[in-house]
Amino acid sequence: MIDGKTVFALIPARGGSKGLVGKNIAVVGGRPMIAWSIIAAKGSKYIDRTIISSDDNKIIAAGKNCGGEAPFIRPAELATDTSLTEDVIIHALDQMTEIFDYLVLLQPTSPLRETRDIDAAIEKCHELGAPACISGCESSKSPYLMYHLNKAQKLIPIIEHKNIRNRRQDFPEVFTPNGAVFVAKVPWFRKNLTFYGSDTIAYKMPKERSVDVDTILDLTLVKALLN
């Protein structure tokens, strides 16, 4: 709870990942990956309740063994490759008997995110009166130095600019969402079904806590950093 406002955290973890099979319960740093999000959420001074949404019994069991709460099994229709996270969130909110003011989405594939990141994002969203806050970090690849190819295989700048010989450091800083922390006011989210809006604010995290595990290379990097 923050200033009398209740906070609900959701950890969505479906079992059918095809890119990296079993990634949500892959052992990293001596724990199933989902455990790191549970531990970070349980350490928050603002989160009132944390729920795991999953269709997979192995993930649910691993989450419960780490102190997580899974009061329901996610319906199969919300656990496909095309299922939207927004629909999963609404389903979870609808299962709760309590009414919450803030929603916090914590993807289990961000095991390096810490409790301080969660609390800082909640604080920033609340203190600035923003409808939503998304974590991210400075991008190592600037779109000012990116191109797409036309049919003749010529380089076409993604962003037109005159100073093409400038160093990367001379271009504006680019912020990239890292998937670690999403915060939103529940009524606003229910209405808009997104964390992204013209009034959404950013919470900046360091790159070393911004790895989102989606490939075997990401998993190897996280294991190295946690060890």
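Trainee: In which strand is Pro157 found?

Mentor: In this predicted model, Pro157 is found in strand E8, which covers residues 155–157.

Trainee: Is Pro157 buried, partly exposed or exposed?

Mentor: The general idea is to look at the relative accessible area, where buried means under 20% and exposed means over 50%, with partly exposed in between. Pro157 has 21% relative accessibility, and therefore counts as partly exposed.

Trainee: Which residues is Pro157 in contact with, leaving aside its neighbours within four places in sequence?

Mentor: With those neighbours left aside, the contacts of Pro157 are Met146 and Tyr147. You can also compare positions along the chain with positions in space: Leu145 is 12 residues apart from Pro157 along the chain, and their C-alpha atoms are separated by 7.5 Å.

Trainee: How do the side chains of strand E10 point?

Mentor: In E10, which spans residues 201–204, the side chains alternate between two faces. Ile201 and Tyr203 point to one face and are buried, whereas Ala202 and Lys204 point to the other face and are not buried.

Trainee: Which strand is joined to E10, and how many bridges join them?

Mentor: Strand E6, made of residues 132–138, is joined to E10 by 4 bridges, and the two strands run parallel. One residue to look for here is Ile201 of E10, which is the bridge partner of Cys133 and has a buried side chain.

Trainee: Why is helix H1 said to be largely enclosed by the rest of the structure?

Mentor: The reasoning rests on a count of buried residues: helix H1 runs over residues 33–42, and 8 of its 10 residues are buried, so the helix is largely enclosed by the rest of the structure. Among the buried residues of H1 are Met33, Ile34, Trp36 and Ile38, together with Ala35, Ala40 and Ala41.

Trainee: Where does Thr6 lie, and what does Thr6 touch?

Mentor: Thr6 lies in the segment before strand E1, the strand of residues 7–12. With a relative accessible area of 16%, Thr6 is buried. Not counting residues up to four places away in sequence, Thr6 touches Met1, Asp48, Ile99, Phe100, Asp101 and Tyr102.

Trainee: What should I look for in the backbone angle phi?

Mentor: Most residues other than glycine have a negative phi. Asp3, although not a glycine, has a positive phi of about 50°; Asp3 is placed in the segment before E1 and, at 67% relative accessibility, counts as exposed. Leu193 is not a glycine either, and has a positive phi of about 55°. Leu193 is found in the loop between helix H5, residues 186–192, and E10, and at 39% relative accessibility Leu193 counts as partly exposed.

Trainee: How many helices and strands are there in the protein, and what is its radius of gyration?

Mentor: There are 6 helices and 10 strands. A compact globule of 227 residues would have a radius of gyration near 17 Å, and the protein has 19 Å, which agrees. Along the principal axes, the C-alpha atoms fill a box of roughly 55 × 40 × 35 Å.

Trainee: What can be said of burial and contacts in the whole protein?

Mentor: Of the 227 residues, 44% count as buried. Among contacts with a separation of 6 or more, 75% come from residues 24 or more positions apart. As for the surface, the protein exposes about 11900 Å², and carbon and sulfur atoms supply 52% of that area.

How values were computed: Residues are numbered from 1 along each chain as its sequence is written. This is a predicted model: local features need pLDDT of at least 70, side-chain atom pairs count only at pLDDT 80 or more; totals for chains, interfaces and linings use all residues. Side-chain values use heavy atoms; hydrogens and water are left out. The radius of gyration is taken over C-alpha atoms; the globule rule is 2.2 Å times the number of residues to the power 0.38. Buried means under 20% relative accessible area, exposed over 50%, partly exposed in between (1.4 Å probe, protein chains only). Contact means heavy atoms within 4.5 Å. Accessible areas come from the Shrake-Rupley method with a 1.4 Å probe; for residues, only the protein chains shown count as cover. Two strands pair if DSSP finds at least two bridges between them.
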